[in-house]
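Trainee: Got a minute to go through the labels on this one with me?
Mentor: Sure, pull it up and ask away.

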Amino acid sequence: MDLTSLYYFSELAKDLHMTRTASRLFISQQTLSNHIQRLEDYYGTRLLHRKPALSLTTAGEFVLGFANTVNKEQVNLKDILFDIAQQERGVLRFGASALRLNLCLPAILPRFSARYPDVELRITDTVTARLEPLVLDGSLDFAVTLNGEEHPRLVTQLLMDDQVYLCVADSLLRSCYGDETGNLKERAAGGADVKDFARLPFCIFNNRMGRQINQCFETANIVPRAYITSTYTQVGTTVCFQRLAACFISQMSLVSQQKDIPEDINIFPLHYKGQPLTQRLSLIRMKDRYLSHYSKFFLELLSQYFNGVEQVHMGRRAP
C-alpha cells in the first residue's frame, strides 16, 4: 500500500469508470488497475464490485474514507512544510460561478500574484450545487457559494448579502405609466415591489436568482410580461441598458458596471414581503484544512473585495 495507490483509488471512486478515470489522471487503464489490485492485495479484501457495473464494496467504502483523509493530510503536510521552509509556492484551488469569477478575480489577482508569483491558481467555474461537493472531497480548497446551508464539516464565512435591484429605463417607465411615473419612482426608491411594475416587460432568468424573483411575482399574484428569458443574467443587463425591458441585477454586477450604466436607468432595491431581496454569498472551506500563508492572503483579498462591493450605494432615481 502506498499514497499513490490510495490517491488513484479515491479518484476512481468519483467516476466508478476505469477508462474515464485513467484518462483524467493521464495514466493507462492497466496502471490504474494494478494500483487497485495492489490495494486489494494489501488489505486482503475486494474493494470494488466489477459487475454488473463498477461499485464500491462495503470494505471499499471504509477504505475510501481512509484514503480521503490521507490525501487531505498529505496536502496539509505539504503546505506546512512549504511554510516552514519559507517557500512561498504551491497550488490554490478556488471555485465559484463563472459570473462571480469574472467579477472578483480581476480585482484580487494583481495583488495576489505580486506577492506570490510562484503559487499556481486552479480555477473551477460551476454552479453552487456542484461547488460544495468539490470542497468536501478535496478537489477545491475554497469556493464562493450562494444561499447554502451550513455543513458540519465546513467553515462557512459570510462574504456579503448581495442586494437584488430592479433596473428600468426612465423612458420605458413613462411609456407604461405616464403621469404615474414620478410617484412610482418615489415609492420604489425606498424599496420596489413587483406588484407596482406589472405593466413592464421583463427579462426573466432561469437560474437561482430567477427563482427568487419568481417568488416575488407569485406572492403578488402577477404573471410577468416576459420580453426575454435566459439563464445568463448579462443578457438582461444588455437588454435593460438598451431600454427594451426591465431586469433584475445584483449589487455585485452593478458595482462592476457602474461606469457603464446609462444615466436614465433607474435602480431600485427590490423588496420581498417588505424586506430587501438579497442573495447570501459565502466562502466555504474544510474545517481541518491547513491554511498556508498564501491561502490566508487570498482569503483576505476576497473578504476585502466583497466588503468593498457591499458598501457601494447603487440605488438611484433617473433625473
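**Rings, burial and a surface patch**

Mentor: Start here: Arg-115 lies over the face of Phe-297, 3.9 Å from the ring centre.

Trainee: What makes Arg-115 count as lying over the face of Phe-297?

Mentor: A charge sits over a ring if NZ of Lys or CZ of Arg is within 6 Å of the ring centre and within 35 degrees of the ring normal. The 3.9 Å for Arg-115 fits that distance limit. Keep in mind that this is a predicted model, where local features need pLDDT of at least 70 and side-chain atom pairs count only at pLDDT 80 or more, while totals for chains, interfaces and linings use all residues. Residues are numbered from 1 along each chain as its sequence is written, and side-chain values use heavy atoms, with hydrogens and water left out.

Trainee: How many aromatic pairs does the structure hold?

Mentor: There are 13 aromatic pairs. One of them is Tyr-116 with Tyr-294.

Trainee: Why is the pair of Tyr-116 and Tyr-294 called edge-to-face?

Mentor: Rings of Phe, Tyr and Trp (its six-membered ring) pair if their centres lie within 6.5 Å, and planes under 30 degrees apart count as stacked, over 60 as edge-to-face and the rest as tilted. Tyr-116 and Tyr-294 are 6.2 Å apart centre to centre with 65 degrees between the planes, so edge-to-face it is. The pair links distant parts of the chain, 178 residues apart: Tyr-116 is in the loop between helix H5 and strand S4, and Tyr-294 is in helix H12. (Helices, H or I with at least four residues, and strands, E with at least two, are DSSP runs numbered from the N terminus.)

Trainee: And how do you know whether Tyr-116 is buried or exposed?

Mentor: Buried means under 20% relative accessible area, exposed over 50%, partly exposed in between (1.4 Å probe, protein chains only). Tyr-116 has 5%, so it's buried. Tyr-294 has 3%, so that one's buried too.

Trainee: What about Phe-202 and Phe-217, what makes their pair edge-to-face?

Mentor: Their planes are 75 degrees apart and their centres 5.2 Å apart, so they meet the criteria. Phe-202 lies in strand S7 and Phe-217 in helix H9, so the pair ties together parts that are 15 residues apart in sequence. Both are buried.

Trainee: Why is Tyr-43 called partly exposed?

Mentor: Its relative accessible area is 31%, so Tyr-43 falls in the in-between class. Tyr-43 is found in helix H3.
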